[in-house]
Amino acid sequence: MLFVELALIRWVTSNNVYVTKATNFVLIASFLGIGIGFLNVKSNRNYLRWTPVALLATVAFVLGFPVILGTLNTGVNPYQGLKDTAALPQPLSLAVIFLLVTATMAGLGQGVARIFVGLKPLSAYRMDIAGSIAGIAVFSLLSFLNQPPATWGFIACGGLIAMLAPKVRWWQAGAALAIITLLSLESFIPNQIWSPYNKLSIVNSSTGPAPGLYLSANNIPYQAAHTLPILQKYKPFYFYPYQHIAKSQLKNVLIIGAGSGNDTAVALHEGAQHVDAVDIDPQLLGLGRDQNPARPYQNKRVTVYSDDGRAFLQDTDKKYNLILFALPDSLEAVSGQSAVRLESFVLTLQSLQTVKKHLLPGGQFSMYNYYAPFLLSRYATTIHDAFGRNPCQNLGPPLGGRRMAVLTANLNGPVQNCSSYWQGKRVAPVIDDRPFPYLPTPSIPISYLWMLGAILAGSALLIRIGGSRGTYSGMRKYVDLAFMGAAFSLLETKNIVAFALLFGTTWLVNSLVFAGVLIAVYLAVETARHVRLPRPWILYTLLLAALVVAWLVPADSPLGLPVIPRFLAGAALAFAPVYLANLIFAQRFADVERSGTAFATNLLGTIVGAALEYLALITGYQFLLIVVGVLYLLAFATRPRGRVPSPAG
C-alpha cells in the first residue's frame, strides 16, 4: 500500500506540472482513500475488487491528459497537453486526479483493513508498520537503480493480483496487464531516462541558430548544453562572473547546480585550474559527461559530486577562489512549485554565510538566474546581509516577466571591474526556518486557501458518500485519534524538513527519514506490547517536554557538528517526540473496540495535519511544534476516560 502511494506521488508529479504546485496533493488523496477503505472493512461495497480498474483509469488519465510547460513567454497559455493541444483546466485536471487516486487507494486500504481487523489492534498496527518499512525500502532501492515506471507498475500490479487471489477475474488481470503495458510504453520512449528525481527528456538538435543538447525535466524545459562559441554568442551571462576575477586567481572553483556541464565548461575555458562540480541528480551529471559538446566532466581538472549543494558546503573542508550558484533552483523557478513550496536551503541567508566561510582571501561568490523583480531584490539583500555590502549586478535579457541577472560579491571588498551595484529596495532574505524564497511575504496565497478548502470539503463529502453506514457517528468516539493523526502528520513533516537541512534534500535522506520515523513507531509499538506503560497523563507530559526541548533548540544548531554527532543530535531531537507520541497512540489503540474505524479516523486526521502544514508559510517550521503540542493537548482532552490497557492490549 505504501509502495503504491510513493509511486503515485513520484509518477503523477513527473507528468502533470499542476501537481508540482500542490504539495501533499497526492499524499492527501492517498490518506483519504486508505481511510475510506478502512471504514468499509465490513461493508458490502467491494472497493478492492475494482482497484485494478481504478489504477488503470489513473494511469490512462495521467498519460492521456498530461500537463506540459510549453513556453515561458507572457501573454500565452504556457500549459500544453499531448501534441501541442491545450492542457485541461487546472481545477478539472487536479479534481480528476484526486478522485482517481482516492479510488485506487480506497481499494488497497480495504484489502489491508480486512486483514487488519482480524488481528489484535497492536499486532495489526505492528505488521502495518513493518510492511510500510518494506515498501519504503523497495521504492528506495528502485530509486537507487534508476528504475522507470514500468518496474513500479509491475511490482504494484503483482502485489494487487496477490491481494485479489485466488478469485482473480479476467478483467482484473486484463487491467493489470494494461497498466504494465502503458507504463512500459512510457518507460521506453526513446531519448527519455528516469532518475531518482526527474523524468529527463533529451533532444539533440543540430539545426537552428543554437544547436545543442536540450533537456526537459518532468515536462518542464530545464537545461540546454551548447558549445562554447554558442554560449558566448547567445548566453553571455555564463561569462559574466569571470569579468570580476583574474585568471591567476582561478585555482579552485566550486559550482553548485552544475547540471549538464555548461558552467563547468566555461570555468575551464576561463582558466580554472580545478573545478568541483556538484549537482543533486546523478543522471543529469551522466548526460553532461557523455553528451555535452565540450565534454567538461571528462576533463582531469574536474571532480564531479552527486550531492545536495547545501549538504556539500556543510560537509566539505575545502576553500575556493570562486563559488558559483549556477541555477540551483532552475527547475522549481519555472515549474510553479517555487511560487510557494520550494524548501530551498541552498538559497537562505545561513547558506550564504556558509559560502562565505569557504572562500579564500580575495575569493568571489556569484549566482545567477532569470529573476522576477522582487526575487532579484531578495537575493541581493541576502548577499548584502551575508557579505556586508551590496552585490555587483550584471543584467541580461528578459524572459517571461523575469530578467537575467548575475549577482557577485567579493569576500574582502569591492568587486573588481564592476560598473553597476545593486541599489534596489530591500526585501527580507529567507532563512532556514522559512526557506520559501519565492513567497514575497509571510502568507498563504489565496489560490492555496481555495485549494485546501476544496480538498477538505471534498474529503468530508467523499467520506460521507464512500464510508459505510453511520460513518461519522462511529468515528466520533475516536476523535482523539484524529487529533493524534493531525499532530503526527505535522511532526513527520517537521522532521523531514529538519533532516533535509542537516543532510540535504536528496532522495536517500528523505527515504532514511521516512524509515527512521517508522522504525521509531515500530519500537514504540513493541514497547507497548511488552511493557506496562505509565498512565496517559505521564506520557503526555513527557511528550510535551520533548516538544518543548525540540522547540527551544534551533533546527540548524547541529550543523556545526561532524556528520555522526550531527546525526545523533538530529535524531534525538526528531525521534524522541515520535517515539513518545506513538507510545500514547499504542496505549490508546490497544483498547479500541473497532480497530478498522479507529485506524481510519487516525488516518483521516492526517488530512487536517497536511492542511495545517501550510501554516509554515507564515510562521516557519519551528512554530509547527507548537501546533503539534496543541493538537496533542486536544487529543488528551478528548480521550475516553477508563482503564489503562495492559501491555498486550
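The following paragraphs lead the reader through selected features of this structure, from its helices to its salt bridges and its backbone.

The structure is a predicted model, in which local features need pLDDT of at least 70 and side-chain atom pairs count only at pLDDT 80 or more, while totals for chains, interfaces and linings use all residues. Residues are numbered from 1 along each chain as its sequence is written, and side-chain values use heavy atoms, with hydrogens and water left out.

Helices and strands are named here by letter and number: they are DSSP runs (H or I, at least four residues, for helices; E, at least two, for strands), numbered from the N terminus. The expected span of a helix is 1.5 Å times one less than its number of residues. Helix H6 covers residues 121-144, and for these 24 residues the expected span is 34 Å; the end C-alpha atoms are 35 Å apart, which agrees. Just after H6, Asn146 takes a positive phi of about 55°. Helix H22 (residues 595-612) can be examined in the same manner: its 18 residues should span 26 Å, and the end C-alpha atoms are 26 Å apart, in agreement. H22 is also mostly covered, since 16 of its 18 residues are buried. The term buried means under 20% relative accessible area, exposed means over 50%, and partly exposed lies in between (1.4 Å probe, protein chains only).

Helix H3 (residues 25-39) offers a view of a single covered residue, Ser30. Ser30 counts as buried because its relative accessibility is 0%. A polar atom of the Ser30 side chain lies 2.9 Å from the backbone oxygen of Val26. Leaving aside residues up to four places away in sequence, Ser30 touches Glu5, Val101 and Met105; contact here means heavy atoms within 4.5 Å. Asn40 is found in the loop between H3 and helix H4 (51-64). Asn40 likewise counts as buried, at 0% relative accessibility. From C-alpha to C-alpha, Asn40 and Leu6 are 23 Å apart in space, and they are 34 residues apart in sequence.

The next topic is charged side chains. A salt bridge is a side-chain nitrogen of Lys or Arg within 4 Å of a carboxyl oxygen of Asp or Glu. A search of the whole structure finds nine of them. One joins the side chains of Lys318 and Asp276, at 3.2 Å from N to O. This pair links distant parts of the chain, 42 residues apart: Lys318 is in the loop between helix H12 (309-315) and strand E10 (320-326), whereas Asp276 is in strand E8 (residues 274-279). Lys318 is partly exposed, with a relative accessible area of 31%, while Asp276 is buried, with a value of 1%.

Another salt bridge is formed by Asp385 and Arg426, whose closest N and O atoms are 2.7 Å apart. Asp385 lies in helix H15 (residues 373-387) and Arg426 in the loop between strand E13 (402-410) and helix H16 (446-466), so the pair ties together parts that are 41 residues apart in sequence. Asp385 counts as partly exposed at 29% relative accessibility, and Arg426 counts as partly exposed at 48%.

Which residues does Arg529 join in a network of salt bridges? Arg126, Glu526 and Arg529 are linked in this way. Within the network, the side chains of Arg529 and Glu526 meet at 3.3 Å, N to O. Both of these residues lie in helix H19 (residues 507-530), three residues apart, which is about one turn of the helix. Arg529 is partly exposed, with a relative accessible area of 24%, whereas Glu526 counts as buried at 18%.

Several loops show particular backbone features. A cis peptide bond, with omega of about 5°, joins Ala165 and Pro166; Pro166 is found in the loop between helix H7 (149-164) and helix H8 (170-187). Asn219 has a phi near 70°, a positive value in a residue other than glycine. Asn219 is placed in the loop between strand E5 (212-217) and strand E6 (220-225), and with a relative accessible area of 13% this residue is buried. Asn417, which is not a glycine, has a positive phi of about 55°. Asn417 is found in the loop between E13 and H16, and is exposed, with a relative accessible area of 63%.

Methods: Polar contact = N/O pair within 3.5 Å; in protein donor to acceptor, adjacent residues only side chain to side chain.
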